[in-house]
Amino acid sequence: MNETKKSATEKSAPEQALPPLPSTEDAATSDKDAATSDKDAATSAKDASIIEPKVKSKALSVAGERLVLARAYRPRRFADLIGQDQVRRIVENALSSGRLHHAILLSGPRGTGKTTMARLIARAVNCRGRGKEVDPCGACSSCEAMARGEVIDVVEIDAASHTGVDGVREIVDGAGYRPVSMPCRVYIIDEVHMLSRAAFNALLKTLEEPPPHLRFLFATTEVEKVPLTVLSRCLRLELTRLDSETLAAHYVSVSKREGWQIEREAALAIARAAEGSVRDGLSLLDCAMVESEGRSIVLERVRRMLFLSDGHALYDLLEAIVKGDLPEALTCLDALILKGAQAERLLRELMERLHRLSRLKVEGGTALLLEPSDRERGEKLAQGLSLASLSRLWQIALRGYEELRLAPHPRSALDMLVVRLVCAAGMPLPREVLARLARGQKNKEENKEEKKEEEKKEEERGGAYEEKLREAFPGATIEERTM
Ligand SMILES: [Zn+2]
């Protein structure tokens with residue numbers, strides 16, 4: 001019992017990295033952790049509610065505390081899970097037909113909803129008022145107990161901190177006993193790939209012949225590290241990374257529901273920084289709300305918050321590089337650095353632009369990678385550049401990125417890199433050099449022929465003149481004389 005956390009479903013930490021979410025899911029229940037951790041946010045939310053009292057904020061709980069958005073907007077129904085339609089359909093079908101696999105393995109990148117999905121399933125299988133619906137009713141004794149976090153039959157284990165065999169042995173030993181108060185005993189094991197080989201082995205037998213009241217829900221970011229023997233005994237569900245557009249749309253809708261305005265480009269910048277994770281993005285949105293004024297989030301603020309450079313200034317720099325204008329390029333670079341850009345981050349953003357331009361070149365209007373304000377300048381720039389030269393600039397930048405990390409003065413390394421990029425942009429590509437050489441050869445040959453024709457014409461002209469002379473002076477001899 002020491003090894004496993006026998007708290008309720010929501011009592012475990014979220015998947016990784018982010019500030020720990022408070023324990024219970026239900027916004028209405030107050031909880032000491034939540035009260036302290038969200039204290040600052042609570043004040044701001046209270047102020048905000050004075051400005052616009054009509055808005056029914058989900059993040060503002062009954063007790064007046066401000067919940068973090070990631071917690072307030074954690075899906076409570078399967079339909080609320082965004083972007084995972086295929087997995088959702090499988091689970092819903094299994095639930096409605098009552099044929100849910102006893103062991104499910106949810107894999108996918110972090111922040112895609114694995115733990116959320118596992119918790120929803122745990123609630124659904126234990127809900128007593130669900131009937132033919134797939135979503136937990138939220139009103140029956142099981143649902144209420146789980147919302148309060150008072151269930152000992154739903155156990156969440158973080159395999160990252162319980163890698164040993166002992167925790168698993170506890171599960172295996174307890175597997176035979178019937179659940180205490182719920183229809184099913186559910187074990188949610190997060191980051192299951194972290195379990196030791198011995199732990200996996202201890203689990204195998206139970207996985208193969210599980211008692212009917214037992215359910216295993218595994219979540220992992222690295223499915224390839226899970227032994228095949230375990231994989232083959234599970235229903236595997238793969239959650240996919242969400243694209244920036246889907247995420248941005250979600251953040252726009254959440255902001256709206258909270259009574260905030262957000263620029264689409266600001267939402268897109270947040271989505272991009274979230275790298276496919278709904279939760280990461282919601283946390284960033286939280287920060288943006290704290291930093292912004294007047295219930296309106298603008299791109300400029302988000303950029304500053306994320307330490308992103310001004311997109312237009314980056315394009316100025318790129319354009320100068322492509323034009324081969326070194327003084328201009330260095331001036332642009334100075335301006336960016338003056339505004340607070342760090343050398344390494346700046347180079348990363350420059351490389352990202354080169355990548356986006358290449359995608360734009362290949363995909364044209366369908367490329368979703370450009371911010372709308374970028375699109376015009378990006379398209380113009382991409383038009384004047386070949387894919388080959390874009391890829392050469394990228395290669396030089398990548399090499400420069402490695403050097404930047406080794407350089408004693410990153411700033412001067414960045415200067416020198418820009419010099420190199422400008423030189424490279426002005427240089428013809430090998431293919432162009434070959435084409436030019438071939439053209440030169442052809443010209444030479446053409447010139448030779450032209451010369452021959454000219455001589456021929458000259459000769460003809462000379463012949464005609466001679467004839468005229470003979471006509472004028474019959475019988476005379478014609479000598480050629482040079483002066
Ligand atoms: Zn229920």
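These legends walk through close-up views of one predicted model.

**Figure 1. The whole chain, before we zoom in.**
Let's start with the parts list: the protein chain has 20 helices and seven strands. Of its 483 residues, 37% count as buried. Now look at contacts between residues with a separation of 6 or more: 74% of them join residues 24 or more positions apart.

**Figure 2. An open sheet of five strands.**
Follow the strands across and you get the order β2-β3-β4-β1-β5, with parallel pairing. Which strands stand at the edges? They are β2 (154-158) and β5 (235-238), and each has a single partner strand, so one side of each has no neighbour in the sheet. Going from one strand to the next, the twist averages 15°.

**Figure 3. Strand β1, covered on both faces.**
Is β1 enclosed or open? Five of its five residues are buried, so the rest of the structure largely encloses β1. On one side you'll find A103, L105 and S107, on the other I104 and L106, and all of them are buried. Now for the partners of β1. Five bridges join β1 to β4, and these two strands run parallel; S107 has T220 of β4 as its bridge partner. With β5, β1 pairs in the parallel sense over four bridges, and here L105 is matched with R236 of β5.

**Figure 4. Strand β3 and its pairing with β2.**
Strand β3 has a similar story to tell. Six of the six residues of β3 are buried, so β3 is largely enclosed by the rest of the structure. R185, Y187 and I189 sit on one side, V186, I188 and D190 on the other, and both faces are covered. β3 (residues 185-190) pairs with β2 in the parallel sense over five bridges. To trace the pairing by eye, find V154, which stands opposite V186 in β3, and then D158, which stands opposite D190 in β3.

**Figure 5. Helix α5 on the sheet.**
Which strands does helix α5 touch? This helix (residues 114-126) packs on the sheet and touches β1 (103-107), β2, β3 and β4 (214-220). The direction of α5 makes about 170° with that of β4.

**Figure 6. Helices α7 and α8 packed together.**
Two packed helices are described by the angle between their axes and the distance between the axes. For α7 (residues 165-174) and α8 (residues 197-208), the angle is about 10° and the axes are 8 Å apart. That angle is under 35 degrees, which means α7 is roughly parallel to α8. Who makes the contact? From α7 come V165, V168, R169 and V172, and from α8 come A198, A199, A202, L203 and T206. Sort these residues by class and you get seven nonpolar, one polar and one charged. While you look at the spacing of the residues, remember that an α-helix has 3.6 residues a turn, so residues three or four places apart point the same way.

**Figure 7. Helix α20, hardly covered.**
Here's a helix with 43 residues, running from 430 to 472. How far does α20 reach from its first C-alpha to its last? The span is 63 Å, close to the 63 Å expected at 1.5 Å a residue. And how many of the 43 residues of α20 are buried? The count is zero, so to speak a bare helix: α20 is hardly covered.

Note on methods
Residues numbered from 1 in each chain as written. Predicted model: local features only at pLDDT ≥ 70, side-chain atom pairs only at ≥ 80, totals over all residues. Axes fitted to C-alpha atoms, helices over the stretch in contact; angles between N-to-C directions. Parallel < 35°, antiparallel > 145°, perpendicular 65-115°, else oblique. Contact = placed C-beta atoms within 7 Å. Nonpolar A, V, L, I, M, F, W, Y, C, P; charged D, E, K, R; others polar. Pairing = 2+ DSSP bridges. Buried ≥ 20, exposed ≤ 12 C-beta atoms within 10 Å, placed from the backbone. Expected span 1.5 Å × (residues − 1).
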